[in-house]
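Trainee: Please give me a close look at one part of this model, the ligand site. After that, go on to the salt bridges.

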Amino acid sequence: MLAVQQLESGYGESIILREVSMQIKPGQVVCLLGRNGVGKTTLMRSIMGLLRARNGKVVYKNADLTKAAPARRARSGIGYVPQGREIFAQLTVYENLLLGLEASTTPMAVIPDEAIAKFPVLPSMYNRRGGDLSGGQQQQLAFARALASNPDLLLLDEPCEGIQPSIVEDIREVIRSIKQDGKTAILLAEQSLDFVKSVGDYFYILEKGVVAWEGGLDALSDDVIRSYLTV
Ligand SMILES: Nc1ncnc2c1ncn2[C@@H]1O[C@H](COP(=O)(O)OP(=O)(O)OP(=O)(O)O)[C@@H](O)[C@H]1O
Ligand SMILES: [Mg+2]
């Protein structure tokens, strides 16, 4: 459903991603691994259209979105939970969720129950300001905000970074339940190997902006981990 083809992308003069190709099938959980600074976030931003591709293509549901604006990609069904969450601190939890609806494929006036059901703690916090939530609560809010638009593909950039263990477990369960529902594919960038192994179907490892390795869970051996992931 998503095909990234020979993508080249970067900032100003510097090229970060070189000839990156990847595929995500419907309902699949694909994990994006690699040490700090290899280009995971850059790839997510390029898929979302927040960064213009210099070369190559982003094809989604057979439509070439390479030149499409971020809002069009969102309306095509791609949801994004950015690294660092990007919650609006001055807006309430409820208002933050409403912003997620803006990206819907079909116009909606209310936040879908399914998005909230996965985060039962949120309704009790509707009137609190986003900025007053803990990091873990903000992560849950960012996740629910992305789900509010009913995406077919969800980009999750390090959802467990700096989050307390109990909420990491909640997020693991949410990813598993999304996988079980089978309606939404996920591209997950995450540092914790234990976490990605517990949810991932297929893995891409980036090194210095190129895909250095790809394969299934069985092939993700200790040797591979030592070569590309240990610091
Ligand atoms: N806004 C920017 N302007 C210029 N260079 C940037 C910018 N953002 C990132 N970079 C550079 O691009 C490279 C890739 O960064 P990116 O954030 O994509 O890595 P990452 O794999 O997501 O790292 P991390 O695991 O720390 O999140 C790094 O060398 C980084 O310094
Ligand atoms: Mg990153």
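Mentor: The ligand site comes first, then the metal ion, then the salt bridges.

The model is predicted, so local features are taken only at pLDDT of at least 70 and side-chain atom pairs only at pLDDT 80 or more, while totals for chains, interfaces and linings use all residues. Residues are numbered from 1 along each chain as its sequence is written, chains are lettered from A and ligands numbered from 1 in the order in which they are written, and side-chain values use heavy atoms, with hydrogens and water left out.

Start with ligand 1. It is surrounded by 13 residues, of which Gly37, Lys40, Thr41, Thr42 and Gln83 are the closest; a residue is near a molecule if one of its heavy atoms lies within 4 Å of it. Sorted by class, this shell holds seven polar, three charged and three nonpolar residues. Here Ala, Val, Leu, Ile, Met, Phe, Trp, Tyr, Cys and Pro count as nonpolar, Asp, Glu, Lys and Arg as charged, and the others, Gly among them, as polar. Helix H1, residues 40–48, contributes the most to the shell, with three residues. Helices (DSSP runs of H or I, at least four residues) and strands (E, at least two) are numbered from the N terminus.

Oxygen atoms of ligand 1 have polar contacts, that is, pairs of N or O atoms within 3.5 Å. A polar side-chain atom of Lys40 is 2.8 Å from one of the ligand's oxygen atoms. For Gly39, a backbone N or O atom lies at 3.0 Å from an oxygen atom of ligand 1, and for Gln191 a polar side-chain atom lies at 3.1 Å. On its own, ligand 1 has 640 Å² of accessible area, and the protein covers 59% of that (Shrake-Rupley method, 1.4 Å probe).

Thr41 and Gln83 also serve the metal. The magnesium ion, ligand 2, is coordinated by OG1 of Thr41 and OE1 of Gln83 at 1.9 to 2.2 Å. These two come from distant parts of the chain, 42 residues apart: Thr41 sits in helix H1, and Gln83 in the loop between strand E6 (78–81) and helix H3 (93–101). Donors are N, O and S atoms within 2.8 Å of the metal (3.2 Å for Na, K and Ca), and water is not among the atoms, so sites may look incomplete. Thr41 has a relative accessible area of 24% and Gln83 one of 28%; each is partly exposed, since buried means under 20%, exposed over 50%, and partly exposed in between (1.4 Å probe, protein chains only).

Now the salt bridges. There are nine, each a side-chain nitrogen of Lys or Arg within 4 Å of a carboxyl oxygen of Asp or Glu. One of them joins Glu207 to Arg35, at 3.4 Å from N to O. Glu207 is in strand E9 (residues 202–207) and Arg35 in the loop between strand E3 (29–33) and H1, so the pair ties together parts 172 residues apart in sequence. Both are partly exposed, Glu207 at 27% and Arg35 at 25%.

Lys118 and Asp181 form another, with the closest N and O atoms 2.9 Å apart. Lys118 is in the loop between helix H4 (113–117) and helix H5 (135–147) and Asp181 in helix H6 (residues 165–181), so parts 63 residues apart are tied together. Within helix H6, Arg176 and Glu173 are three residues apart, about one turn, and their side chains meet at 3.1 Å, N to O. Glu169, Arg172 and Asp194 are linked in a network of salt bridges.

Note on methods
Polar contact = N/O pair within 3.5 Å; in protein donor to acceptor, adjacent residues only side chain to side chain.
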